[in-house]
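Trainee: Could we go through this model together? I would like to begin with the helices and then move on to the sheet and the pocket.

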Amino acid sequence: MTTVLVVDDERQIAQIARDYLEHAGFAVITAADGRDALARARAHHPDLVVLDLGLPNVDGLDVARTLRRESDVPIIMLTARVDESDRLIGLAVGADDYITKPFSPRELVARVQAVLRRAHSGAGSDVVRIGDLVIDLPRLKVTRGNTPIELTTTEFQLLSTLARHPGRVFTRAQLLDAVRGTEVDAFERAIDAHIKNIRRKIERDSRKPRYLLTVYGVGYKCAES
């Protein structure tokens with residue numbers, strides 16, 4: 001059974017989330033603060049974490065940063081903050097999606113299901129498909145239709161990192177970490193140049209990208225279809 005860790009210091013919200021997720025067929029673990037959330041995540045290895053941004057002891061952003069350093073578990077952030085910058089910060093530290101309070105419990109269930117589908121779409125697969133783009137991971141090959149596309153090692157690593165997690169937003173720093181060890185300039189803006197080169201090769205119109213999308217103020221993501 002798929003396990004979801006719900007982290008919220010408001011008992012009523014945590015209980016409502018638990019009830020709806022269990023009704024949808026998930027096993028649910030709850031935590032009321034950041035320290036407990038990290039302990040339960042390490043002990044139970046949940047398939048997804050629903051994480052409140054404002055937590056006692058350890059802030060939700062710090063919890064997300066720690067979770068992201070330790071695993072690739074999908075994270076949906078709950079936030080009562082309506083400022084766009086707060087949502088962008090949440091995405092920047094590795095959250096896969098966010099929901100603003102107050103929220104519909106049915107929407108939460110739908111978001112959980114959608115994020116899990118995205119997370120599992122490329123998991124364990126040697127070949128990733130996005131539209132008519134095919135990325136053969138073991139053979140380091142990319143084709144669009146029947147046309148092979150030549151990428152450098154760095155370009156292939158960047159593309160495959162994004163393509164394995166369609167819809168997830170990656171910061172430039174996260175992408176830079178993904179390609180360390182290859183010949184890449186050690187500064188974040190170098191990622192922009194590599195993305196530009198990849199788009200020129202894989203997109204039919206690099207000025208209107210379909211595959212690699214910019215998330216302004218944060219970084220990049222791969223289209224979901």
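Trainee: At what angle do the axes of α6 and α8 cross?

Mentor: Please keep in mind that this is a predicted model. In it, the axes of α6 and α8 cross at roughly 85 degrees and come within 10 Å. That makes α6 roughly perpendicular to α8, because angles of 65 to 115 degrees are counted that way.

Trainee: Which residues in α6 and α8 meet?

Mentor: From α6, the residues are Thr154, Glu155, Leu158, Leu159 and Leu162. They meet Ile191, His194, Ile195, Asn197, Ile198, Lys201 and Ile202 in α8.

Trainee: And how do the residues of that contact divide into nonpolar, polar and charged?

Mentor: Seven residues of the contact of α6 with α8 are nonpolar, three are polar and two are charged.

Trainee: Now the sheet. In what order do its strands come?

Mentor: The order is β10-β12-β11, in an open sheet of three strands with antiparallel pairing. β10 (170-171) and β11 stand at the edges with a single partner strand each, so one side of each has no neighbour in the sheet.

Trainee: How many bridges join β10 to β12?

Mentor: Two bridges join these antiparallel strands. Threonine 171 has glycine 219 in β12 as its bridge partner.

Trainee: What stands opposite glycine 219 on the β11 side?

Mentor: Valine 215 stands opposite glycine 219. Strand β11 (residues 212-215) pairs with strand β12 (residues 219-222) over four bridges, in the antiparallel sense. β11 and β12 form a hairpin with three residues between them. In the turn, glycine 217 has a positive phi of about 85 degrees.

Trainee: Where does α6 lie relative to those strands?

Mentor: Helix α6 (residues 153-163) lies across β10, β11 and β12, and runs at about 70 degrees to β12. Helix α8 (residues 189-202) also packs on the sheet, where it touches β11 and β12. The direction of α8 makes about 145 degrees with that of β11.

Trainee: Changing topic: how much space lies in the largest pocket?

Mentor: About 280 Å³. The lining of the largest pocket has 14 residues, and those nearest its centre are Arg68, Arg168, Phe170, Gln174 and Asp177.

Trainee: Which elements give two or more residues to that lining?

Mentor: They are α3 (60-70) and α7 (172-178).

Trainee: What classes of residue make up the lining of the largest pocket?

Mentor: Seven residues are charged, four are nonpolar and three are polar.

How values were computed:
Residues numbered from 1 in each chain as written. Predicted model: local features only at pLDDT ≥ 70, side-chain atom pairs only at ≥ 80, totals over all residues. Heavy atoms only, no water. Pairing = 2+ DSSP bridges. Contact = heavy atoms within 4.5 Å. Axes fitted to C-alpha atoms, helices over the stretch in contact; angles between N-to-C directions. 1 Å grid on protein atoms, 1.4 Å probe; cavity = no way out; pocket = protein on both sides within 12 Å on 5 of 7 lines; lining within 4 Å. Points joined across faces, edges and corners; volume = space filled by probe spheres on them. Nonpolar A, V, L, I, M, F, W, Y, C, P; charged D, E, K, R; others polar. Parallel < 35°, antiparallel > 145°, perpendicular 65-115°, else oblique.
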